[in-house]
Amino acid sequence: LGNGIDPLDMIAQYGADAMRFSLILLTKEGQDTRLAVEKFEQGRNFMNKLWNAARFALGKAGRLPALPAQVTALEDRWIPSRLLATIEAVGGCWERYDFNDGANLLYRFTWNDVCDWYVEAIKPRLEAGDRVAAAVLGRVLRDLLALLHPIAPFVTESIWQRLREVSDEALAPVLMTAPWPDGAGLFHHEPACPDWFDWR
């Protein structure tokens, strides 16, 4: 990898997904990247964030029903809008081979929107057994894992197997064979997510 960094040492220290994600996140097409060992901590921290948020959410949500056609809570209208924008933006990045831009979009959506905002907002509702919050959470996780899978296959597959166990919808036996998210059934709600077009 340069600078005397051994990939096997990085995998042993941070994990394969963390190394892969860090390299993609840090490497912009046409630019040279100076690698340092500590830069792989960003990928490790991201994988830990995703793992812990999914573990908490799936542990509290119980069974995950299908996404309802309509939701009323502001947060339940906001996160599908953000997810839909992310699917479209990341899909475009992958088509253009802009892996760095796609990874950055997924990083911000996962860390900021899903973990720091949505999961925190619905904690009391999950504790109370709210089925709508569980359904929206299930759909967000399903599509997010599929979007992340090409660059973080091991962690996403592990979470996917747990998601399959608690989902009322039939999911692919392995994430690698799951369909690519197409946004079907999602909805954009302008009042809940007014910056949608600017954010893309």
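Is Phe99 buried, partly exposed or exposed in this predicted model? With a relative accessible area of 41%, Phe99 is classed as partly exposed, because this value falls between the limits of 20% for buried and 50% for exposed residues. The ring of Phe99 is paired with that of Trp94, the two centres lying 5.7 Å apart and the planes meeting at 45 degrees, so the pair is described as tilted. Trp94, in contrast to its partner, has a relative accessible area of 15% and is therefore buried.

The segment that follows Trp94 in sequence includes Tyr97, which is placed in the loop between α4 and α5. The phi angle of Tyr97 is near 60 degrees, a positive value in a residue other than glycine, and Tyr97 is exposed, with a relative accessible area of 61%. On the helical side, Gly91 is found in α4 and counts as buried at 12% relative accessibility. Although Gly91 and Gly102 are 11 residues apart in sequence, their C-alpha atoms are 8.0 Å apart in space.

The interior of the model was examined next. The largest nonpolar core comprises 58 residues, and those with the most contacts inside it are Phe21, Ile79, Leu106, Tyr118, Leu137, Trp160 and Leu163. Two or more residues of this core are given by each of the helices α2 (16-26), α3 (40-61), α4 (74-95), α5 (99-127), α6 (131-148) and α7 (153-166), and the largest share, 11 residues, comes from α6. In soluble globular proteins, nonpolar side chains tend to be buried together. For Ile79, when neighbours within four places in sequence are set aside, the residues in contact are Phe109, Asp113, Val114, Tyr118, Val136 and Val140.

Among the contacts of Ile79 is a charged residue, Asp113, which lies in helix α5 and is buried at 6% relative accessibility. With neighbours within four places in sequence again left aside, Asp113 is in contact with Trp78, Ile79, Arg82, Arg108 and Tyr118. One of these residues, Arg82, is joined to Asp113 through a polar contact of 3.0 Å between the two side chains.

Aromatic pairing was searched for across the whole structure, and 6 aromatic pairs were found. Phe46 and Tyr107 form a stacked pair, since their ring centres are 5.2 Å apart and their planes lie at 25 degrees, an angle under the 30 degrees that limits this class. Because Phe46 lies in helix α3 and Tyr107 in helix α5, the pair ties together parts of the chain that are 61 residues apart in sequence. Both Phe46 and Tyr107 are buried, and ring pairs link these two residues with Phe21 and Trp111 into a cluster. Phe21 also appears among the residues with the most contacts inside the largest nonpolar core. A further arrangement that involves an aromatic ring is found at Phe56, where the charged end of Lys123 sits over the ring, 5.0 Å from its centre.

Finally, the cysteine residues were considered. Cys93 counts as buried at 4% relative accessibility, and Cys115 is likewise buried, with a relative accessible area of 6%. A search of the whole structure nevertheless finds 0 disulfides, so no pair of cysteine sulfur atoms lies within 2.5 Å in this model.

Note on methods: Residues are numbered from 1 along each chain as its sequence is written. This is a predicted model: local features need pLDDT of at least 70, side-chain atom pairs count only at pLDDT 80 or more; totals for chains, interfaces and linings use all residues. Side-chain values use heavy atoms; hydrogens and water are left out. Buried means under 20% relative accessible area, exposed over 50%, partly exposed in between (1.4 Å probe, protein chains only). A nonpolar core is a set of buried Ala, Val, Leu, Ile, Met, Phe, Trp, Tyr and Cys residues joined through side-chain atoms within 4.5 Å. Helices (H or I, at least four residues) and strands (E, at least two) are DSSP runs, numbered from the N terminus. Contact means heavy atoms within 4.5 Å. Rings of Phe, Tyr and Trp (its six-membered ring) pair if their centres lie within 6.5 Å; planes under 30 degrees apart count as stacked, over 60 as edge-to-face and the rest as tilted. A charge sits over a ring if NZ of Lys or CZ of Arg is within 6 Å of the ring centre and within 35 degrees of the ring normal. A polar contact is a pair of N or O atoms within 3.5 Å; within protein, one must be able to donate a hydrogen and the other to accept it, and residues adjacent in sequence count only if both atoms are side-chain atoms.
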